[in-house]
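Q: I have just opened this one and have not looked at it before. Could you walk me through it?

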Amino acid sequence: MKIKEVEMLLQMNAQTIRYYERLGFLSPQRDDNGYRHYTDEDVQVLKRIRFLRELDISLEMIGIILKHPEEFQKIIERHTRNLKAQVEHLELIEKRCESIRQKNVPLLDAIIDGKFEDIPEMSTSKIRNIFQRTKDYMKPYTVVTLGRKTTPFQLIKALCTYLIAGLLVMGAWKVFLQRYHHIDLNLMTVFILSLIFAFFVLIISFHEKYYEFGDTDLYIYDSKDQLILKSITAILKNKTDLYAKHYLYDDIASVTIETKKFYSGIGFGISQCFKKIYHIKMKNGEVYTINTSLYHDSDQQRKLVRNILDHYQIPVIEKAE
């Protein structure tokens, strides 16, 4: 298997593959022309490396695991012990917080004033420590957005940009009419025409589309399902969620992530790029598609989405061109 084939199969660029080769993680054979030839075992090694890197395991430890696979079992066992310790710690915090609640202590004022005279078995510092540690385990509601979710500020900024462009165009048109046709447009007319031009360009170019993955549910919004003016008004009011389609993760039948190769000119050369297209199939038969590359979504966003899908055990099918 040539390196280009491995790139497509694993979605791993050649520089990364060669880097792992320099680290001694794999040693592909070479044919008579000196080209690398990767075996199924080499591909399997690269899959192991990718998986371990996703777990944030260091390259040094990966090298040890590849030579001694039993070390991975020890890492998992150590991680499990750490998780159990954290669970026990959280249970202790829960019991202490419940004890405070049952004593009907005004917690907010007590924390602010540092007064816990009604709880002699706990000092002020211990109470503060409990709540500090509790806060460390409380995570905000996670929302990952793929696509374009425009804020009111961004929309107004775009409109102002188009308005400035319109003023330049209409200003040039005013000079042309005045010089060659002796027609003089007043400034109010120029401004109104520029404003009409700005709204026209905004409407022509406008397309709001995003998929919002939360901790428990999914919102899908596409402005093509709404009247344009209604969508623009919803953005200005920051109310697009009211018109988005709402699903729970149990409503999803499967997700297909399609990777397509294309070439793009960067600098003075042609570069090979990949675009990720998500096809979300619902149990009711509806299918929603979004090309995340059009919106410059990052690999980190895609990774977070994948984590959410894996958490809810949603079948994910990966296809490569």
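A: Let us begin with a term: a residue counts as buried when its relative accessible area is under 20%, as exposed when that area is over 50%, and as partly exposed in between. Please also keep in mind that this is a predicted model.

Q: Ok, so how many of the residues count as buried?
A: Of the 321 residues in the protein chain, 30% count as buried. The accessible surface of the chain comes to about 21400 Å², and 56% of that surface belongs to carbon and sulfur atoms.

Q: And what does the secondary structure come to?
A: The protein chain has eleven helices and ten strands. As for its contacts, if we take those between residues at least 6 apart in sequence, 58% of them join residues at least 24 apart.

Q: Which residues touch the most other members in the largest nonpolar core?
A: That core has 22 residues, and the ones touching the most other members are Tyr-211, Phe-213, Leu-218, Ile-252, Val-255, Ile-280 and Met-282. At least two residues of this core come from each of the strands β3, β4, β5, β7, β8 and β9, and likewise from helix α11. Apart from this core lies another one, of 19 residues, which includes Tyr-20, Leu-26, Val-45 and Ile-65. As a general matter, nonpolar side chains in soluble globular proteins tend to be buried together.

Q: What is Tyr-211 in contact with?
A: Setting aside neighbours within four places in sequence, Tyr-211 is in contact with Val-144, Thr-145 and Leu-146, with Leu-218, Tyr-219 and Ile-220, with Ile-280, and with Tyr-288, Thr-289 and Ile-290.

Q: In which sense do β3 and β4 pair?
A: They pair in the antiparallel sense, over five bridges, and within that pairing Thr-145 stands opposite Glu-212 in β4. Strand β3 is mostly covered, with four of its five residues buried.

Q: Switching to the outside, which residues make the nonpolar surface patch?
A: A nonpolar patch of about 530 Å² is made by Leu-167, Met-188, Phe-191, Ile-192, Leu-193 and Ile-196. Helix α9, which covers residues 187-205, gives the most to the patch, with five residues. Met-188 lies in that helix, and Met-188 counts as exposed because its relative accessibility is 55%.

Q: Is Ser-223 buried or exposed?
A: Ser-223 is buried, since its relative accessible area is 5%. Ser-223 is found in the loop between β5 and α10, where, leaving aside neighbours within four places in sequence, Ser-223 is in contact with Phe-206, His-207, Glu-208 and Ser-231.

Q: And where does Leu-248 lie?
A: Leu-248 lies in strand β6, residues 245-248, and is partly exposed, with a relative accessible area of 42%. The C-alpha atoms of Leu-248 and Leu-218 are separated by 6.0 Å, although these two residues are 30 apart along the chain. Beyond neighbours within four places in sequence, Leu-248 is in contact with Thr-216 and Asp-217.

Q: How many salt bridges are there?
A: The count comes to eleven salt bridges. One of them joins the side chains of Arg-302 and Asp-299, at 2.8 Å from N to O. These two are separated by about one helical turn, because they are three residues apart in helix α11. Arg-302 is buried, with a relative accessible area of 12%, whereas Asp-299 counts as exposed at 60%.

Q: What about Arg-306, which residues does that one bridge to?
A: Arg-306 forms a salt bridge with Asp-310, the closest N and O atoms being 3.3 Å apart, and another with Glu-318, where the closest N and O atoms are 2.7 Å apart. The Glu-318 pair links distant parts of the chain, with Glu-318 in strand β10 and Arg-306 in helix α11, twelve residues apart. There is also a network, in which salt bridges that share partners join Lys-149, Glu-212 and Asp-241.

Q: Last topic: what is phi of Gln-11 and of Gln-313?
A: Phi of Gln-11 is near 55°, a positive value in a residue other than glycine, and phi of Gln-313 is likewise near 55°. For background, most residues other than glycine have a negative phi. Gln-11 is placed in the loop between α1 and α2, while Gln-313 lies in the loop between α11 and β10. Gln-11 is partly exposed, with a relative accessible area of 28%, and Gln-313 is exposed, with 70%.

Terms used:
Residues are numbered from 1 along each chain as its sequence is written. This is a predicted model: local features need pLDDT of at least 70, side-chain atom pairs count only at pLDDT 80 or more; totals for chains, interfaces and linings use all residues. Side-chain values use heavy atoms; hydrogens and water are left out. Patches are made of residues with over 30% relative accessible area and no salt bridge: like charges are joined within 9 Å, nonpolar side chains (Val, Leu, Ile, Met, Phe, Trp, Tyr) within 5 Å. Accessible areas come from the Shrake-Rupley method with a 1.4 Å probe; for residues, only the protein chains shown count as cover. A salt bridge is a side-chain nitrogen of Lys or Arg within 4 Å of a carboxyl oxygen of Asp or Glu. Buried means under 20% relative accessible area, exposed over 50%, partly exposed in between (1.4 Å probe, protein chains only). A nonpolar core is a set of buried Ala, Val, Leu, Ile, Met, Phe, Trp, Tyr and Cys residues joined through side-chain atoms within 4.5 Å. Contact means heavy atoms within 4.5 Å. Two strands pair if DSSP finds at least two bridges between them.
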